[in-house]
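Please open the model in your viewer and keep the sequence panel beside it. The stops below can be selected one after another.

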Amino acid sequence: MGNTIRAFVAFIPADCCQNYVVRDLHEMPLDKMVDLSGSQLRRFPLHVCSFRELVKLYLSDNHLNSLPPELGQLQNLQILALDFNNFKALPQVVCTLKQLCILYLGNNKLCDLPSELSLLQNLRTLWIEANCLTQLPEVVCELSLLKTLHAGSNALRLLPGQLRRLQELRTIWLSGNRLTDFPAVLLHMPFLEVIDVDQNSIRYFPSLAHLSSLKLVIYDHNPCRNAPKVAKGVRRVGRWAEETPEPDPRKARRYALVREESQEPQAPVPPPPLPPTNS
């Protein structure tokens, strides 16, 4: 039924579609949630700002690139989903919503985050995957209660040392970036439980055996010559993951040599010598 409605509204002009989708939102929903995901919105419907007790607001998969200052009236908001939109910069009004616990910003066009994001000191989960970030914004390191950080599918090459300040952080997802070395700062974060560095360009993994809280490390799709050494009971996902505690170094060297040799241009094979002639 949902697909039928979405197919139907796809043929309605954007302004009419917006009026059609939100026309029934005249009073505060009983569950204190408004879900306008996939509604082809180009403007945020202002009358939603009158729902002062709203706790969850989902605006995913629209065409939004700005938000009105009136959004700041929703001071009870705990979950805000802005993923799959057209934001090139995070609207400043988002940083005034100080009760936010979960903020979805993935699949936009963000190149940075404003320093005012540090005002969101209740934030526990931040999704910034699939944006245009070439470095992790340092303001993220000021979100002291952050537990989960999704920063995959960007263009990150390293992580700031200040990240170790986030002593509540338990899960960090960094797949699909441009890391060539395992981020050194993660070696100083023994409270991490999940580390995902899948689909990067990491060639060597240091030992992670000292990370006492670690439960899962995902390192697949890297041109690595070894597997990260981990403590007993930690699950690894990647090459040599089934070997304990790490692959035989002779195997790793042999694999690396074969890989390098397969990438070298082959020298032309000389023709066989002619047989001697009888004089």
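The tour goes from the sheet to its aromatic rings and then to one buried residue.

This is a predicted model, in which local features need pLDDT of at least 70 and side-chain atom pairs count only at pLDDT 80 or more, while totals for chains, interfaces and linings use all residues. Residues are numbered from 1 along each chain as its sequence is written, and side-chain values use heavy atoms, with hydrogens and water left out.

**The sheet.** Begin by colouring the strands, which are DSSP runs of E with at least two residues, numbered from the N terminus. You should find 10 strands in an open sheet, in the order S1-S2-S3-S4-S5-S6-S7-S8-S9-S10 and with parallel pairing, where two strands pair if DSSP finds at least two bridges between them. Select residues 33-35 and 235-237 next: these are the edge strands S1 and S10, each of which pairs on one side only. Neighbouring strands of this sheet are turned by 5° against each other on average, direction ignored, the axes being lines fitted to C-alpha atoms and the angles running from 0 to 180 degrees between N-to-C directions.

For one pairing in detail, select residues 56-58 (S2) and 79-81 (S3), which run parallel and are joined by 3 bridges; here Leu57 stands opposite Leu80.

**The aromatic rings.** Rings of Phe, Tyr and Trp (its six-membered ring) pair if their centres lie within 6.5 Å, and planes under 30 degrees apart count as stacked, over 60 as edge-to-face and the rest as tilted. By this rule there are 3 aromatic pairs. Show Tyr104 and Trp127, whose ring centres are 5.5 Å apart and whose planes meet at 45°, so the pair is tilted. The two residues are 23 apart in the chain, Tyr104 in strand S4 (residues 102-104) and Trp127 in strand S5 (residues 125-127).

Are these two residues buried or exposed? Tyr104, at 23% relative accessibility, counts as partly exposed, and so does Trp127, at 26%, since buried means under 20% relative accessible area, exposed over 50% and partly exposed in between (1.4 Å probe, protein chains only).

Now select Phe182, Phe205 and Tyr219, which form one aromatic cluster.

**A buried valine.** Finish at Val217 in strand S9 (residues 216-218), which is buried, with a relative accessible area of 0%. Leaving aside residues up to four places away in sequence, Val217 touches Ile195, Leu208, Pro228, Val230, Arg235, Arg236 and Val237, contact meaning heavy atoms within 4.5 Å.

Conventions
Helix = DSSP H or I, 4+ residues; strand = E, 2+ residues; numbered from the N terminus.
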